[in-house]
Amino acid sequence: MAESATPPNDAHDHRREVDTTLSFNEEFQAQLAALEGGVSSDEREAVSSLPSGSALLVVRRGPNIGARFLLDADVTVAGRHPDAGIFLDDVTVSRKHAEFHRHGTSFSVKDLGSLNGTYFDGVRIDEALLSDGAEVQVGKFRLTFYASRVDLANLATR
């Protein structure tokens, strides 16, 4: 014999209202933006203000998520060495892991014989020309490359 369930009587339902407002710290918000591929308003502003011949790397995954590194020199070394232009403090990163090279208004990345390799959009590389929005992985760090908007606009008008 089957028992029938009766819906709860609303007059006797003593549910409490619960405050469901949550707040998230900046690191969590940066992680969400990275997962969604989004760019925060601060990052958008930083990218839009880049002068010609420069670029920006933003850490999307890794210990210092949200960190930004300006590429404005002909050669910038990324690694675990404290003197590296892009200091990435983790054992998955070699002391001198990779170099970012500026060629006029374009940039490339070159692996420096690192143990764990350097990846460009998920593919291990020796060297690669960077494109806007590309992902570069150095150890457990995933960085998104943003070119100067001035340089991108000049490329579009050619």
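A residue is taken as buried when its relative accessible area is under 20%. By this criterion, in the predicted model analysed here, 6 of the 7 residues of strand β1 (residues 55-61) are buried, so the strand is largely enclosed by the rest of the structure.

Strand β1 has pairing partners in β2 and β11. With strand β2 (residues 68-71) the arrangement is antiparallel, and 4 bridges join the two strands. Leucine 56 illustrates the register, its bridge partner in β2 being leucine 70. The two strands, β1 and β2, form a hairpin in which 6 residues lie between them. Within the turn, glycine 62 adopts a positive phi of about 130°. Strand β11 (residues 141-147) also pairs with β1 in the antiparallel sense, here over 6 bridges. Leucine 56 again takes part, with tyrosine 146 as its bridge partner in β11.

These pairings belong to an open sheet of 6 strands with the order β2-β1-β11-β10-β7-β8 and antiparallel pairing. Its edges are formed by β2 and β8 (123-125), each of which pairs on one side only. From one strand to the next, the twist averages 30°. Helix α2 (residues 41-48) packs on the sheet, where β1, β2 and β11 are the strands touched. The direction of helix α2 makes about 155° with that of β1.

Elsewhere in the sheet, strand β7 (residues 118-120) is paired with strand β10 (residues 135-138) through 3 bridges, in the antiparallel sense. In this pair, phenylalanine 120 has valine 136 of β10 as its bridge partner.

Outside the strands, histidine 97 was examined in its surroundings. This residue is placed in the loop between β4 (86-87) and β5 (98-103). Its relative accessibility is 0%, and histidine 97 therefore counts as buried, the cut-off being under 20%. The histidine 97 side chain reaches the backbone oxygen of glycine 117 at 2.8 Å. When neighbours within four places in sequence are left aside, the residues in contact with histidine 97 are Ala78, Gly79, Thr92, Lys110, Asp111, Leu112, Ser114, Gly117, Thr118, Val138 and Gly139. Two of these contacts lead back to the sheet: Thr118 and Val138 are in contact with histidine 97, and their positions fall within β7 (residues 118-120) and β10 (residues 135-138), respectively. Gly117 appears among the contacts of histidine 97 and also supplies the backbone oxygen reached by the histidine side chain.

Conventions. Residues numbered from 1 in each chain as written. Predicted model: local features only at pLDDT ≥ 70, side-chain atom pairs only at ≥ 80, totals over all residues. Heavy atoms only, no water. Buried < 20%, exposed > 50% of the residue type's maximum accessible area, 1.4 Å probe, protein only. Pairing = 2+ DSSP bridges. Polar contact = N/O pair within 3.5 Å; in protein donor to acceptor, adjacent residues only side chain to side chain. Contact = heavy atoms within 4.5 Å. Axes fitted to C-alpha atoms, helices over the stretch in contact; angles between N-to-C directions.
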